[in-house]
Amino acid sequence: MLKRFAEFWALLVFIGVFSVFYAGAQCEHNFSPDTAIPFYGIEGCHAFYCLNGCGSYGTEHGGADSFEKCSFTLVSEVKATCRKSGSRVYLCTVCKMFKDETVPVQRHSYKKSVRLPTCTEKGYDMYVCSGCGDTYKDNYVSTVKHISDGGKVELLPDYDKNGTLRVSCRVCGCIIERKTLPKLVRTVKTVGKVKSFKVKAYGTDYVKLSWKKSEGAASYEILYSTDKKKWKTVSSEKNTYTVKKLKSAQRYYFKISAIGKDSRSAFSDVISVCTEPKSTSLTKVKSVKKASVNLEWKKLSNVSGYVIEYVSGGFDKKKKIKTVTVTKNTGKKTVKKLKSGKKYSFRIKAYKKYGSSKIYGAYSKTKTVKIR
């Protein structure tokens, strides 16, 4: 019974379809955009119904049951990420219909960075997704040893107490250890006694001294006196020194000591020297009695005597010079036994006795006189 019923319905459907097809084949179609309906299939477009009621459809300019292909243009897009799907919307330039599609969720795009291990934290590889910021760590590496900063002085040592040196890690800053710095030891470097201390030169008001340098000496202290009781002090950083503003024809005593950073040497042996007398001048040269000349000069203080030199004519290396020594500190002298009618030249210099020797001053200017 059911089988026959099904066969009946199949026959009716076949007759209907055949009738529509036959009617459409005989109809002059009138397709209008007002009857546009979406028609998505293999060709991807739409169709229009025939206004004559034949049941056929097609394009506005095409024949029955024909249609144009769609030409889609992308008009909007939402990018898909690794957390959310996206979408695209297209517009057909032929039929002005819209079509949309879903863009599936994207895969994560991870970038790798390496975190090196320290003395407090392990190292690892860090992965960060450039799309969503998702992160994860992998490939862990064990911590490393502390790196010393070489140490910094916390407390300076002195001669009475120890000091402290703090050694820290230059990476994490933690204290690795503290070391004790020993007390300072007082060391005294002795300075040797000055050697070869001597008088290098002298004049009427100065004495120049010299000596060998002493190892470890930073300077030298020089003492001088006229009686070895009251001493005056001068100093020098070199191995020579000139003592100035001294008295003429005066004996001076000198001694020296080397000065080091922590010590000084003993004084050297005392040396002495006599400064030169000053130069005097003849104030009067007069021929008085027959074959005699009276001389007068400026008297100097602190001298032992004077030496008068005279010669017939003028002073010349080839001529023999005669001398008269005045052993007292006086200011005049008569020179006798000269030849009448001749001219004589006279000059004078002072002297100071110094031990077994004499220290002479400079000559005065020469004066000439004719003997009666």
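In this predicted model, residues 38–44 keep a pLDDT under 50, where pLDDT is the predictor's confidence in each residue, from 0 to 100. The model has 17 contacts for residues 38–44 beyond four places in sequence, a contact being heavy atoms within 4.5 Å. Residues 59–67 also stay under 50. For them the model has 23 contacts beyond four places in sequence. Where pLDDT is low, the predicted coordinates should not be read in detail. Over the chain, pLDDT averages 83. A score of at least 70 is reached by 81% of the residues.

Residues are numbered from 1 along each chain as its sequence is written, and side-chain values use heavy atoms, with hydrogens and water left out. Because the model is predicted, local features need pLDDT of at least 70 and side-chain atom pairs count only at pLDDT 80 or more, whereas totals for chains, interfaces and linings use all residues.

The chain holds one helix and 27 strands. These are DSSP runs numbered from the N terminus (helices H or I, at least four residues; strands E, at least two). Of the 372 residues, 30% count as buried. Buried means under 20% relative accessible area, exposed over 50%, and partly exposed in between (1.4 Å probe, protein chains only). The exposed surface of the chain is about 25300 Å², by the Shrake-Rupley method with a 1.4 Å probe. Carbon and sulfur atoms supply 52% of that surface. Among contacts between residues at least 6 apart in sequence, 49% join residues at least 24 apart.

Strand 25 spans residues 343–354. Of its 12 residues, 10 are buried, so strand 25 is largely enclosed by the rest of the structure. Strand 25 pairs with strand 22 (residues 305–312) in the antiparallel sense, through eight bridges. Pairing requires at least two DSSP bridges between two strands. Within this pair, Ser312 has Tyr344 as its bridge partner. Four bridges join strand 25 to strand 27 (residues 367–370), again antiparallel. Here Ser345 is partnered by Thr368. Strand 26 (residues 357–360) is also antiparallel to strand 25, over four bridges. Lys352 stands opposite Ile359 of strand 26. Strands 25 and 26 form a hairpin with two residues between the strands. In that hairpin, Gly355 takes a positive phi near 65 degrees.

Tyr351 lies in strand 25. Tyr351 is buried, because its relative accessibility is 0%. Leaving aside residues up to four places away in sequence, Tyr351 touches Pro277, Val303, Ser304, Gly305, Tyr306, Val307, Thr325, Val326, Thr327, Lys358, Ile359 and Tyr360. Between Tyr351 and Asn302 the C-alpha to C-alpha distance is 9.6 Å, across 49 residues of sequence.

A separate passage concerns strands 20, 21 and 24. They make an open sheet of three strands in the order 20-21-24, with antiparallel pairing. Strand 20 (282–287) and strand 24 (332–335) are the edge strands, each pairing on one side only. Neighbouring strands of this sheet are turned by 15 degrees against each other on average, direction ignored. The axes behind this angle are lines fitted to C-alpha atoms, for helices over the stretch in contact, and angles run from 0 to 180 degrees between N-to-C directions. Strand 20 is joined to strand 21 (residues 293–297) by five bridges. In this antiparallel pair, Lys284 stands opposite Glu296 of strand 21.
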